[in-house]
Amino acid sequence: MSQSQAGMPLVESLNVLREIRGDDEVVLTVMGTAREWMALGEPHPLDWIYVPSSMGQAPSLGLGMALAQPDKQVIVCNGDGCMLMNLGSLVTITNQAVSNYTLIIFDNGVYEITGGQPTPATSGTAALVDHPALARAAGFQQIFVFEDLDAWRESARDVIDAPGPTFVHLAIAPIPGAVGPRSPGPAPARAQDFADAMQA
Amino acid sequence: MFTAPQVVGLLQELSFTHVVTIPDSTLGQWEDDLKACDSIEYVGVCREGEAWAVAAGLHVGGATPLVMIQCTGLFESGDSLRNALFDYRLPLFAVIGYRSFLNQSTLPGDTCLSFTEPILEAWGMDWVLYDQAENTSEQLEAIAAQCLRCRETGVPGVALVAEGRA
């Protein structure tokens with residue numbers, strides 16, 4: 001369910017994840033989720049701030065991480081616009097049957113950082129596309145939908161612990177005027193630091 | 001040009017752990033042997049841009065992935081390739097099938113022949129065309145040497161393998 005006005009606040013929804021995140025869990029953020037994740041506090045060695053990104057590729061990047069390190073939970077925080085760019089990845093993910101993989105869609109219905117234009121999945125404030133149904137059709141067995149922050153907070157740990165691959169849909173309120181994220185440092189060096197932490 | 005056992009042997013020799021791929025009519029002939037190989041995981045993707053991103057995640061996770069796609073997929077996957085190889089400077093290696101190169105009458109006027117090599121050149125990768133169908137052993141050795149050279153120097157590389165009947 002895309003929606004462009006209602007929904008939980010992005011920052012608070014990410015803070016829920018930050019509070020329950022295990023020390024050996026990978027969190028991959030991109031676009032708006034990366035911007036706000038960085039603002040929430042000190043980076044974790046297993047944070048992959050996907051900035052700069054190839055828009056749409058976060059789920060695939062996280063899949064590779066999960067395949068390489070099956071003992072580490074990989075949590076991908078993707079936007080709905082990003083997801084629409086790479087719907088085939090939903091099938092790739094379920095085909096690989098990665099149990100240590102959680103894909104969270106933060107759905108605000110718009111391309112937020114380019115000025116809030118509605119995605120093709122949204123018309124005005126109306127949702128045209130059922131994202132969880134797409135995930136179900138692509139083969140996801142574990143699907144969770146949250147429109148309320150308290151419900152998300154109450155269930156988040158159990159959701160992450162569910163055997164994956166898991167698809168989570170969060171209804172998020174867009175942030176008018178929000179800007180794009182800035183890379184927190186040279187990308188090659190960050191990639192090397194992350195690889196070192198992954199393989200430690 | 002190469003048989004499936006030859007390809008699997010080459011990838012084992014080079015210690016690849018995963019092959020991230022979409023088959024074409026040449027690469028697809030290697031699929032059964034790749035899937036049967038215990039030391040290599042076969043990761044089929046739905047679009048070639050995914051392949052570079054999955055391989056990037058595998059690489060930073062400590063695996064040794066190979067991207068294996070057709071040249072048409074190279075065209076499709078430009079932004080993902082750019083991000084993985086140049087933003088993050090991940091030294092991924094790829095085998096890219098060069099559609100119809102060995103029998104250009106199959107697809108007369110195939111524009112793959114116009115764009116594949118200039119695009120690889122534009123990316124500035126270490127790329128080599130392997131088109132000597134009568135010398136497969138030497139060609140396999142050359143691919144191995146190229147791959148090892150790329151690993152030693154930490155740069156991405158492409159083995160451009162001519163497809164079609166010689």
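Here is a short chat about how some labels in this predicted model are earned.

Residues are numbered from 1 along each chain as its sequence is written, with chains lettered from A and ligands numbered from 1 in the order written. The model is predicted, so local features need pLDDT of at least 70, side-chain atom pairs count only at pLDDT 80 or more, and totals for chains, interfaces and linings use all residues; side-chain values use heavy atoms, leaving out hydrogens and water.

User: Why is B:Cys37 called buried?
Analyst: Buried means under 20% relative accessible area (exposed is over 50%, partly exposed in between; 1.4 Å probe, protein chains only). B:Cys37 has 9% relative accessibility, so it counts as buried.

User: And what makes B:Cys150 buried or exposed?
Analyst: Its 2% relative accessibility, so B:Cys150 counts as buried too.

User: How many disulfides does the structure hold?
Analyst: 0 over all chains. A disulfide is a pair of cysteine sulfur atoms within 2.5 Å. For B:Cys37, the nearest cysteine sulfur is that of B:Cys147, 15 Å away. For B:Cys150, the nearest is also that of B:Cys147, at 6.7 Å.

User: Why does the span of helix H7 of chain A agree with what's expected?
Analyst: Helices are DSSP runs (H or I, at least four residues; strands are E, at least two), numbered from the N terminus. The expected span is 1.5 Å times one less than the number of residues. For the 13 residues 149–161 that gives 18 Å, and the end C-alpha atoms are 19 Å apart, so the two agree.

User: Which residues of H7(A) are buried?
Analyst: A:Leu149, A:Trp152, A:Ala156, A:Val159 and A:Ile160.
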